[in-house]
Amino acid sequence: MAKRIRSVRCPVCRKAVKKQAPDFPFCSERCRQVDLGKWASGAYVISSPVTDISDAIEDGGPPDPGRKS
Ligand SMILES: [Zn+2]
């Protein structure tokens, strides 16, 4: 039987990655962090709706004079 090893490439730097790599599908932890950075930099904005919900809850409540902010 012939084993076919499909080469997978790191989505960040396009370097070939082994499936056994600890950071698969990234070639290294560094590339994994780069990919996470895309999310943090606002490429995908998902935080706005969550903020709106918490604002609505606070607006609906009675004012608390003892609250420290
Ligand atoms: Zn990489």
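This is a conversation about a predicted model of a protein that holds a zinc ion.

Colleague: Before the details, how many helices and strands does the protein have, and how do the elements run from the N terminus on?

Modeller: This is a predicted model, and the protein in it has two helices and two strands, which run β-β-α-α from the N terminus on.

Colleague: And which protein donors does the zinc ion have?

Modeller: The donors are the SG atoms of Cys10, Cys13, Cys27 and Cys31, and they lie 2.3 to 2.4 Å from the zinc ion. Along the chain, these donors follow the spacing C-x2-C-x13-C-x3-C. Within that set, the pair of Cys13 and Cys27 links distant parts of the chain, since Cys13 sits in the loop between β1 (8–9) and β2 (16–17), while Cys27, 14 residues apart from it, sits in the loop between β2 and α1 (29–40).

Colleague: What is the geometry of the zinc site?

Modeller: The site is tetrahedral, with angles of 104 to 120 degrees among the four donor atoms. For reference, the ideal angle for four tetrahedral donors is 109.5 degrees.

Colleague: Are Cys13 and Cys27 buried or exposed?

Modeller: Neither term fits, because Cys13 has a relative accessible area of 39% and is partly exposed, and Cys27, with a relative accessible area of 24%, is partly exposed as well.

Colleague: With that many cysteines, how many disulfides does the structure hold?

Modeller: The structure holds zero disulfides.

Colleague: Switching to charges, how many salt bridges are there, and which side chains meet in them?

Modeller: There are two salt bridges in the structure. In one of them the side chains of Asp23 and Arg32 meet, at 3.3 Å from N to O, and in the other Lys38 pairs with Asp35, where the closest N and O atoms are 3.9 Å apart. Lys38 and Asp35 both lie in helix α1, three residues apart, which is about one turn of the helix.

Colleague: Which of those four residues are buried, and which are partly exposed?

Modeller: Asp23 counts as buried because its relative accessible area is 17%, under the cut-off of 20%, whereas its partner Arg32 is partly exposed at 29% relative accessibility. In the other bridge, Lys38 is partly exposed at 38% relative accessibility, and Asp35 is partly exposed too, with a relative accessible area of 21%.

Colleague: Now the backbone: where is the cis peptide bond, and what is its omega?

Modeller: The peptide bond from Phe24 to Pro25 is cis, with omega near 5 degrees, and Pro25 is found in the loop between β2 and α1.

Colleague: Which residue has a positive phi although it is not a glycine?

Modeller: That is Arg14, with a phi of about 65 degrees. Most residues other than glycine have a negative phi, and most peptide bonds are trans. Arg14 lies in the loop between β1 and β2 and is exposed, with a relative accessible area of 56%. The C-alpha atoms of Arg14 and Phe26 are separated by 9.0 Å, although the two residues are twelve residues apart along the chain.

Colleague: What is Ala16 in contact with, leaving aside its neighbours within four places in sequence?

Modeller: Ala16, which is found in strand β2, is in contact with Val8 and Arg9 once those neighbours are set aside. Measuring nothing but C-alpha to C-alpha separation in the model, Ala16 and Cys27 are 7.2 Å apart in space and eleven residues apart in sequence. Ala16 counts as partly exposed, at 45% relative accessibility.

Colleague: Last topic, the protein as a whole: what share of the residues is buried, and how much area does the protein expose?

Modeller: Buried residues make up 10% of the 69 residues in the protein, and the protein exposes about 6500 Å², of which carbon and sulfur atoms supply 55%.

Colleague: And among contacts between residues at least 6 apart in sequence, what percentage joins residues at least 24 apart?

Modeller: That value is 0%.

Key: Residues are numbered from 1 along each chain as its sequence is written. This is a predicted model: local features need pLDDT of at least 70, side-chain atom pairs count only at pLDDT 80 or more; totals for chains, interfaces and linings use all residues. Side-chain values use heavy atoms; hydrogens and water are left out. Donors are N, O and S atoms within 2.8 Å of the metal (3.2 Å for Na, K and Ca); water is not among the atoms, so sites may look incomplete. Four donors count as tetrahedral if all angles lie between 85 and 135 degrees; four count as square planar and six as octahedral if opposite donors are over 155 degrees apart and all others between 65 and 115; anything else is irregular. Helices (H or I, at least four residues) and strands (E, at least two) are DSSP runs, numbered from the N terminus. Buried means under 20% relative accessible area, exposed over 50%, partly exposed in between (1.4 Å probe, protein chains only). Contact means heavy atoms within 4.5 Å. Accessible areas come from the Shrake-Rupley method with a 1.4 Å probe; for residues, only the protein chains shown count as cover. A salt bridge is a side-chain nitrogen of Lys or Arg within 4 Å of a carboxyl oxygen of Asp or Glu. A disulfide is a pair of cysteine sulfur atoms within 2.5 Å.
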